[in-house]
Amino acid sequence: MPINKNHLYEIGAVLEKYNAGDYIFRENGTPQFYYQILTGEIKLNNYHSDGKEFIQNILSTDDSIGESLLFTEKAYPMNARALTECSLLKLSKTSFYKLLELQPQLYLMLCKALSERLYKKYILIKSVSCHSASERQNEVMQLMKQEQDNQSPFTFEIPLTRQQLASLTGLCIETTIRTIKKMERQKLLRIENRKIMY
DNA sequence: TCATTAAAGTTAT
DNA sequence: ATAACTTTAATGA
């Protein structure tokens with residue numbers, strides 16, 4: 001999935017470090033770079049006018065950030081912000097295009113990655129738009145779990161805080177917590193030292 | 001059913 | 001110690 005690091009370095013990528021809370025880019029900014037995560041976690045989000053946050057996605061090692069925006073002239077529709085200390089590889093848009101020219105097989109990889117993203121986005125929108133609270137949560141957790149190999153129950157630790165989960169489902173945190181508790185009672189998940197096992 | 005407010009407990013820095 | 005996160009309870013749309 002990720003682009004080979006050496007290829008990125010050869011064409012001029014640079015290593016950048018960010019601290020937790022730093023912006024990689026902001027909503028309405030112009031996309032000028034390809035980013036790939038080496039370490040750390042990034043969230044893509046929006047802030048509503050009342051200050052409430054909606055998380056679009058959480059990305060980690062080997063994910064690329066905002067690559068879908070490099071093929072349009074549109075501004076970023078979201079922020080990218082570091083959740084933890086991060087190191088990223090950053091490549092200018094022009095160098096990125098050059099790399100694609102030199103290695104056309106990357107196009108296919110990119111297409112696959114984009115398809116994957118789009119698929120998840122559709123599922124997420126479906127689950128966030130038209131269900132009750134617990135159903136929303138169930139679907140979101142289900143979606144995250146699909147990325148790991150082991151599909152047996154209670155083996156997947158939800159890698160989010162309650163607050164992040166709330167921002168991802170569009171629910172308030174208290175409702176999120178109550179829903180989690182209810183799901184625990186229904187044996188849909190387990191809570192082990194405050195971590196959600198799904 | 002779910003958001004909001006308030007208050008208090010817990011964990012991380 | 002202080003900030004960030006988690007939980008419970010009461011109230012109201």
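Author: Helices (H or I, at least four residues) and strands (E, at least two) are DSSP runs, numbered from the N terminus. This is a predicted model, in which local features need pLDDT of at least 70, side-chain atom pairs count only at pLDDT 80 or more, and totals for chains, interfaces and linings use all residues. Residues are numbered from 1 along each chain as its sequence is written, chains are lettered from A and ligands numbered from 1 in the order in which they are written, and side-chain values use heavy atoms, with hydrogens and water left out.

Reader: What makes a residue count as near DNA strand B, and which residues are around DNA strand B?

Author: A residue is near a molecule or strand if one of its heavy atoms lies within 4 Å of it. The residues around DNA strand B include Lys52, Ser132, Gly170, Glu174, Thr175 and Arg194. Helix 6 provides the largest share of this surface, 3 residues. Of the atoms of DNA strand B within 4 Å of the protein, 65% belong to sugar or phosphate, and the rest to bases.

Reader: How do you know what class the residues of the surface near DNA strand B belong to?

Author: Ala, Val, Leu, Ile, Met, Phe, Trp, Tyr, Cys and Pro count as nonpolar, Asp, Glu, Lys and Arg as charged, and the others, Gly among them, as polar. By that rule, the surface near DNA strand B has 3 nonpolar, 3 polar and 4 charged residues, while the surface near DNA strand C has 1 nonpolar, 2 polar and 5 charged residues.

Reader: Why is the pair formed by Thr175 and a phosphate oxygen of DNA strand B called a polar contact?

Author: A polar contact is a pair of N or O atoms within 3.5 Å; within protein, one must be able to donate a hydrogen and the other to accept it, and residues adjacent in sequence count only if both atoms are side-chain atoms. A polar side-chain atom of Thr175 lies 2.6 Å from a phosphate oxygen of DNA strand B, so the pair meets the limit of 3.5 Å. For Lys52 the distance from a polar side-chain atom to a phosphate oxygen of DNA strand B is 3.4 Å, and in the side chain of Glu174 an N or O atom is 2.9 Å from a base oxygen of that strand.

Reader: What is found around DNA strand C?

Author: DNA strand C is surrounded by Thr161, Arg162, Gln163, Glu174, Ile177, Arg178, Lys181 and Arg194. Sugar and phosphate account for 74% of the atoms of this strand that come within 4 Å of the protein. The side chain of Arg162 has an N or O atom 2.7 Å from a phosphate oxygen of DNA strand C, and for Arg178 the partner is a base nitrogen, at 3.4 Å. Helix 5 (162-169) and helix 6 (173-185) are the elements that give two or more residues to this surface, and helix 6 gives the most, with 4 residues.

Reader: Why is Lys90 called buried, and Lys182 partly exposed?

Author: Buried means under 20% relative accessible area, exposed over 50%, and partly exposed in between (1.4 Å probe, protein chains only). Lys90, in strand 8 (residues 86-92), has a relative accessible area of 15% and is therefore buried. The side chain of Lys90 also makes a polar contact with the side chain of Glu16 (3.3 Å). Lys182, in helix 6, has a relative accessible area of 40%, so Lys182 is partly exposed.
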